[in-house]
Amino acid sequence: MAVYSEQHKYIFFANPQTASKAIARTLRERLGGESIPDREITRNGKIVARRHHSTYSQLIDAELLTAAQLESLFKFTCVRNPFDQMVSKYLKHCERLGNDPAQYPWLEGVATRTPEKNFTPWLAYEQKRFAEIKKMEKGPLAFLEHADLVIRFERLQAGFDEFLAHIGVTEPLSVTEYNITEARKDTAAKDAATAASTAIKRKKNYADYYDKPGVAIVEQMFAPIIERFGYRFAG
């Protein structure tokens with residue numbers, strides 16, 4: 001999915017795990033954005049453009065927009081500190097498997113421990129998968145290509161304000177909070193009775209999940225993004 005507006009002459013490429021759904025929702029609800037494509041596009045049984053997280057090249061390949069049309073638009077996307085991003089991806093992966101370590105393929109032959117201690121085996125599992133499917137080239141880097149603006153997840157509202165200025169919107173507009181990873185949430189509630197009604201106070205620190213081998217894996221996997229944006233592990 002990308003979000004496109006003919007009125008405001010922009011297109012947003014939704015890079016996964018970078019608050020892209022929150023921005024996409026804000027664009028659709030407040031700035032005349034429309035999802036493109038609105039369904040998965042296939043050709044000869046092969047996915048040409050995904051309903052979620054379509055790239056510049058995919059839109060052209062699916063003949064949804066031409067290169068000339070795309071170049072006439074203000075193009076933007078998001079990026080996130082890979083060390084933080086991989087923790088959220090890991091926790092969502094665990095959630096999809098019912099948070100049951102017996103279902104985690106990356107723990108084969110590894111003693112079941114706490115979620116934090118299970119994290120490095122998952123990173124090694126993902127590193128192998130990244131290499132096999134050329135995930136970096138087809139994933140994060142593909143969303144950054146051709147972007148006129150890259151919003152940092154860590155400065156989400158400031159980056160969104162910069163986008164608004166580029167398209168000439170002067171009215172203040174906040175990014176809608178959306179899709180926060182459940183396992184990253186924490187609460188200040190002191191007992192179960194008040195926990196259900198207590199607002200989220202802070203996110204757990206991503207550094208709690210890492211050991212030195214885990215840091216090294218992410219440094220290797222995301223070297224182009226770490227170098228380009230100056231990200232580092234803050235442990």
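**Close-up views of the predicted model**

**Figure 1. Surroundings of Gln85.** Leaving aside residues up to four places away in sequence, Gln85 touches Pro16, Gln17, Thr18 and Arg80. In this predicted model, Gln85 is found in helix α4, which spans residues 82-96. The side chain of Gln85 reaches the backbone oxygen of Pro16 at 3.5 Å. The relative accessible area of Gln85 is 9%, and the residue is therefore classed as buried, the cut-off for that class being under 20%.

**Figure 2. The largest nonpolar core.** This core holds 30 residues, of which Met86, Tyr90, Phe119, Leu123, Tyr210, Phe222 and Ile225 touch the most other members. Two or more residues are given to this core by each of the elements α4, α5 (119-133), α10 (212-221) and α11 (223-229). Helix α4 gives the most to this core, with six residues. In soluble globular proteins, nonpolar side chains tend to be buried together.

**Figure 3. Contacts of Tyr90, and another core.** With residues up to four places away in sequence not counted, Tyr90 touches Trp106, Pro115, Asn118, Phe119, Trp122 and Tyr209. Apart from the largest nonpolar core lies another core, of 24 residues. Its members include Val3, Leu27, Leu31 and Phe74.

**Figure 4. Crossing of helices α1 and α8.** Helix α1 comprises residues 20-30 and helix α8 residues 156-166. Their axes come within 12 Å and cross at roughly 40 degrees. The crossing in which α1 passes α8 is right-handed. On the α1 side, the contact is made by Ile23, Thr26 and Leu27; on the α8 side, Leu156, Phe160 and Phe163 take part. Leu27 of α1 is also among the residues of the 24-residue core.

**Figure 5. The hairpin of strands β4 and β5.** Strand β4 (residues 41-43) pairs with strand β5 (residues 46-49) in the antiparallel sense, over three bridges. One of the bridge partnerships joins Ile41 to Ala49 in β5. The two strands form a hairpin with two residues between them. In the turn, Asn44 has a positive phi of about 55 degrees.

**Figure 6. The chain as context for the close-up views.** The chain contains 11 helices and nine strands. Of its 235 residues, 43% are buried. Among contacts between residues at least 6 apart in sequence, 67% join residues at least 24 apart.

Methods: Residues are numbered from 1 along each chain as its sequence is written. This is a predicted model: local features need pLDDT of at least 70, side-chain atom pairs count only at pLDDT 80 or more; totals for chains, interfaces and linings use all residues. Side-chain values use heavy atoms; hydrogens and water are left out. Helices (H or I, at least four residues) and strands (E, at least two) are DSSP runs, numbered from the N terminus. Buried means under 20% relative accessible area, exposed over 50%, partly exposed in between (1.4 Å probe, protein chains only). A polar contact is a pair of N or O atoms within 3.5 Å; within protein, one must be able to donate a hydrogen and the other to accept it, and residues adjacent in sequence count only if both atoms are side-chain atoms. Contact means heavy atoms within 4.5 Å. Two strands pair if DSSP finds at least two bridges between them. A nonpolar core is a set of buried Ala, Val, Leu, Ile, Met, Phe, Trp, Tyr and Cys residues joined through side-chain atoms within 4.5 Å. Axes are lines fitted to C-alpha atoms, for helices over the stretch in contact, and angles run from 0 to 180 degrees between N-to-C directions. A crossing is left-handed if the near helix is turned anticlockwise from the far one by less than a right angle, and right-handed if clockwise.
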